[in-house]
Amino acid sequence: MPDLFNGGRLDMPTVPVPHEAVSLAWGDSIVNRIAVIVTLILFLVEFSDLIRLFPHLLRCVSRWKGNLELEHSVSVAVTRNTVALAMSMVLCLIADRWMLPYSSLRASLPVDWRLLFAVGAIGSYLLLRWLFYLATPFRSRISEYATCLRHSVYNYQILLSSLMLVSVLLLMAFGVADNSIRIVLLIETGMFTALYLERIRQIFASHCSILATILYLCALEILPLGILGFVCII
């Protein structure tokens, strides 16, 4: 009977796996830990402004003119811009932690570089969108209508980031699996993207013809989003 096992072979490595070859968890990355601390500080600094800003942001959900009303108040618009900066870090951290969306290119990077990929993707989208707007009559800095079109994305980014943050904290508190949390976050992202595009369409339509609205919407909003989506899934 013992002869049956004489031809066995050991396929496991005979030496310890090098520490560098061990895949680090997201929370083990020093870069991610520092980013979380910095983001938490920024969030706490801007928290009171966020609370004061929320009534204005909620009007942007129910009616497209809420975006124009927010932009009409210079002080509120400036507050919105600073809050959007802090909340963009929240968005980047959540997108990186839960792989929104999944990217094989991002997954192939070392853990310490993956957050930079998320920041770069979102930052590139905003830069590309800004460059596209520069090529249109809506590049004006003094026209309230033009600035509303360019800056309305920040209103919905703040709302989305806030909803994501609350969702993550609640779902993690109840011990929900990461895959389920990721699905919830993707659904929220899809909902707010659709809401944002609809409100922007209404803002365009208030000054432009139907054909011009479709063309501007595709060129200035849908195309940058499509490029962002393509980069994030490769």
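Which helix gives the most to the nonpolar patch? In this predicted model, the answer is helix α8, spanning residues 210-233, with 5 residues. The patch itself is built from Leu 105, Leu 223, Ile 227, Phe 230, Val 231, Ile 233 and Ile 234, and comes to about 590 Å² of surface. One of its members, Ile 227, sits in α8. With a relative accessible area of 35%, Ile 227 counts as partly exposed, because that value falls between the 20% and 50% cut-offs.

Stepping back to the overall fold, the protein chain has 8 helices and 0 strands, so to speak a plain α-α-α-α-α-α-α-α when read along the sequence. Buried residues account for 37% of the 234 in the chain. Among contacts with a separation of 6 or more, 73% link residues 24 or more positions apart. On the outside, the chain exposes about 13,700 Å², and 72% of that comes from carbon and sulfur atoms.

Back to α8, which has another side to it. While Ile 227 is partly exposed, Thr 213, Leu 217, Leu 220, Glu 221, Pro 224, Leu 228 and Cys 232 of this helix are buried. The cover over these buried residues includes α5, α6 and α7. A general point about helices helps when reading such a list: an α-helix has 3.6 residues a turn, so residues three or four places apart point the same way. The helix isn't straight, either: α8 bends by about 40° at Ile 222, with a proline, Pro 224, following within four residues. Even with that bend, the 24 residues of α8 reach 32 Å from first C-alpha to last, close to the 34 Å expected at 1.5 Å a residue.

Where α5 comes in, Arg 129 is a residue worth a look. Arg 129 belongs to helix α5 (residues 111-134), and its relative accessibility is just 4%, which means that it counts as buried, the cut-off being under 20%. Leaving aside residues up to four places away in sequence, Arg 129 touches Leu 149, Arg 150, Val 153, Tyr 196, Leu 220, Glu 221 and Pro 224. Leu 220, Glu 221 and Pro 224 are also among the buried residues of α8.

Elsewhere, helix α2 (residues 65-72) has Gly 66, Asn 67, Leu 68, Leu 70 and Glu 71 buried, and these pack against α1, α3, α6 and α7. As for α3, its 24 residues reach 35 Å between the first and last C-alpha, close to the expected 34 Å. Just after α3, Met 99 takes a positive phi of about 50°.

Definitions and conventions:
Residues are numbered from 1 along each chain as its sequence is written. This is a predicted model: local features need pLDDT of at least 70, side-chain atom pairs count only at pLDDT 80 or more; totals for chains, interfaces and linings use all residues. Side-chain values use heavy atoms; hydrogens and water are left out. Helices (H or I, at least four residues) and strands (E, at least two) are DSSP runs, numbered from the N terminus. Buried means under 20% relative accessible area, exposed over 50%, partly exposed in between (1.4 Å probe, protein chains only). Contact means heavy atoms within 4.5 Å. Patches are made of residues with over 30% relative accessible area and no salt bridge: like charges are joined within 9 Å, nonpolar side chains (Val, Leu, Ile, Met, Phe, Trp, Tyr) within 5 Å. Accessible areas come from the Shrake-Rupley method with a 1.4 Å probe; for residues, only the protein chains shown count as cover. A salt bridge is a side-chain nitrogen of Lys or Arg within 4 Å of a carboxyl oxygen of Asp or Glu. The expected span of a helix is 1.5 Å times one less than its number of residues. The bend at a residue is the angle between axes fitted to the seven residues ending there and the seven starting there.
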